[in-house]
Amino acid sequence: MTQNHITVWNNCLEVIHDNIDHIAFKNWFGPIKAVQLKNNVLTIQVPSQFFYEWIEEHYIHLLRKTIKKELGKDGKLEYSIIMSNKDKHAINLPTTNRNATKNRPTTMPLDLNRGKSKSFPNPFIIPGIKKININSQLNENYSFDNFVEGECNRLARSAGFAVAQNPGKTSFNPLFLYSNNGLGKTHLSQAIGLEVKNNYPEKTVLYVRAEQFLSQFIDSIRNNSTQDFVHFYQVIDVLIMDDIHVLAGKEKTQDIFFNIFNHLHQNGKQLIITSDKPPVDLAGITPRLLSRFKWGLAADLQTPDLETRIAILNNKLYKDGLKMPEDVIEYLAYSISTSVRELEGAMVSIVAHSSLNKKDITLDLARNMIDKFVKNTTREISIDYIQKIVSDYFNIPVDIINSKTRKREIVQARQIAMYFSKKYTNSSLAAIGVHCGNKDHATVLHACRVVNNLLDTDKQYRSYVGDIEKKIKV
Ligand code: ADP
Ligand code: MG
């Protein structure tokens with residue numbers, strides 16, 4: 001009995017439908033057409049290269065089973081892929097694609113008849129989707145000019161700058177930037193995007209938060225437009241994906257991103273990814289995606305040191321045309337050490353408060369504000385801060401306290417600073433030592449013992465160490 005390709009495929013579809021959920025079925029099998037059955041080989045037409053990869057990756061077992069059931073154990077499946085004129089890259093893909101050689105049920109001739117070319121709706125809902133019209137979603141304020149350089153960000157910043165000069169052409173692909181919150185990932189990744197646009201106006205840059213990407217993907221499933229969604233991302237030259245950790249546990253979205261990543265990477269396009277953790281610590285992200293992240297460079301942004309914090313504040317004040325007394329700037333920089341966002345937030349609150357209440361910006365106002373707005377949530381006592389208090393109390397500059405001198409009163413101030421650093425910060429003895437003029441951990445331990453002894457035995461000493469402690473806890 002000769003079988004007809006349509007009936008065979010319909011029989012397959014019935015089985016497939018019984019085995020996967022309805023939305024996936026509609027999404028991935030709805031658009032497939034059976035085109036011929038010849039020598040026991042069924043040819044099906046899929047709308048794109050991406051589509052083919054997805055089917056191969058997710059439904060290959062099911063497909064193989066149903067084909068064998070319908071056509072016997074010699075039955076084979078062949079794909080014919082419609083090439084869209086707009087997606088010029090897709091034609092090159094099969095030779096480099098992993099799936100084209102692995103686990104393939106059969107050969108995959110390309111149908112170069114160039115089926116109907118399709119336009120890709122932009123998930124950012126910007127009408128008239130011509131490639132050049134894609135809005136990059138970049139914020140002009142997040143430029144390299146506004147990004148203050150410091151020891152804390154040197155590697156990440158210079159790698160970012162190099163990428164912006166030669167997107168896709170350096171070995172920093174992907175460039176993976178990670179840090180705690182509020183330390184400049186978004187700013188730096190956008191700076192790269194802006195710089196690329198300056199250097200190469202013809203390149204398409206896109207910044208997207210992983211959260212947006214996720215919801216666009218979900219929408220695309222709902223609207224049956226996942227291919228369009230993917231195609232949209234496949235035409236980007238520089239893709240910036242911010243906060244990838246948000247995709248933890250979202251396997252389908254990670255799959256889609258994996259495909260987009262591969263497509264872009266294979267075509268020499270640049271990827272910039274940010275995350276709150278280094279790749280090795282990213283829980284809930286599939287190993288194959290993690291392994292891709294390790295192809296390029298992972299660079300972290302650390303908490304800025306005191307000078308950089310002061311420079312960041314000055315930079316922001318200058319940019320906003322604002323003025324603030326130096327001691328207030330220093331006080332802020334001393335008090336808030338873990339997040340640039342918090343630092344800027346405190347500065348903005350103080351400026352707002354002073355102008356609303358027509359009060360001058362003074363140290364007292366700053367102290368009040370910090371207590372009200374920052375203290376309970378984020379204010380941390382830092383080693384810098386403790387050193388500053390001790391320095392003010394004894395009227396000895398911080399760099400003298402941290403020097404190597406053995407003068408008695410300076411040694412004493414240094415020991416007290418070390419003692420409080422141990423008591424009020426989470427820093428290790430070694431870290432405190434490094435911060436107090438490169439001493440070793442034994443020196444810090446010794447200092448803590450000396451201070452404890454004197455506190456037990458010397459009443460006068462106890463009273464002024466108590467004074468200092470009160471100032472630290474203000
Ligand atoms: P993240 O994305 O890591 O949470 P952001 O990039 O949003 O952090 O940075 C928080 C704020 O701090 C932003 O307003 C940013 O402009 C500012 N900022 C962070 N690092 C720097 C820096 N090195 N120079 C100037 N501003 C910075
Ligand atoms: Mg961010």
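How many nonpolar, polar and charged residues does the shell around ligand 1 have? By class, that shell has six nonpolar, nine polar and three charged residues, and the structure in which it is described is a predicted model. Ligand 1 sits in the largest pocket, and because domain 2 (136-300) and domain 3 (306-375) both give residues to its shell, the ligand lies between these two domains.

**The shell around ligand 1**

- Ligand 1 is surrounded by 18 residues, and the closest of them are Val-148, Gly-182, Thr-186, His-187 and Glu-344.
- Two helices, α6 (185-199) and α13 (340-356), each supply at least two residues of the shell around ligand 1.

**Polar contacts and burial of ligand 1**

- An N or O atom in the side chain of His-187, a residue also listed among the closest to the ligand, is 2.6 Å from an oxygen atom of ligand 1.
- The side chain of Arg-341 likewise places an N or O atom 2.8 Å from an oxygen atom of ligand 1.
- For Asn-153, the partner on the ligand is a nitrogen atom, which is 3.4 Å from an N or O atom in the side chain of that residue, a value to be read against the 3.5 Å limit within which a pair of N or O atoms counts as a polar contact.
- Taken alone, ligand 1 exposes 560 Å², and the protein buries 92% of that area.

**Backbone geometry**

- As a general background, most residues other than glycine have a negative phi, and most peptide bonds are trans.
- The peptide bond from Asn-173 to Pro-174 is cis, with omega near 5°, and Pro-174 is found in the loop between α5 (154-165) and β5 (175-178).
- Although Asn-39 is not a glycine, this residue has a positive phi of about 50°, and its place in the chain is the loop between β1 (33-38) and β2 (41-46).

Definitions and conventions:
Residues are numbered from 1 along each chain as its sequence is written. Chains are lettered from A and ligands numbered from 1 in the order in which they are written. This is a predicted model: local features need pLDDT of at least 70, side-chain atom pairs count only at pLDDT 80 or more; totals for chains, interfaces and linings use all residues. Side-chain values use heavy atoms; hydrogens and water are left out. A residue is near a molecule or strand if one of its heavy atoms lies within 4 Å of it. A polar contact is a pair of N or O atoms within 3.5 Å; within protein, one must be able to donate a hydrogen and the other to accept it, and residues adjacent in sequence count only if both atoms are side-chain atoms. Accessible areas come from the Shrake-Rupley method with a 1.4 Å probe; for residues, only the protein chains shown count as cover. On a 1 Å grid over the protein atoms alone, a cavity is a set of points where a 1.4 Å probe fits but cannot get out, and a pocket is an open set with protein on both sides within 12 Å along at least five of seven lines; lining residues have an atom within 4 Å of a point. A molecule sits in a cavity or pocket if more than half of its atoms lie within 2 Å of its grid points. Helices (H or I, at least four residues) and strands (E, at least two) are DSSP runs, numbered from the N terminus. Ala, Val, Leu, Ile, Met, Phe, Trp, Tyr, Cys and Pro count as nonpolar, Asp, Glu, Lys and Arg as charged, and the others, Gly among them, as polar. Domain bounds come from an automatic or database domain assignment.
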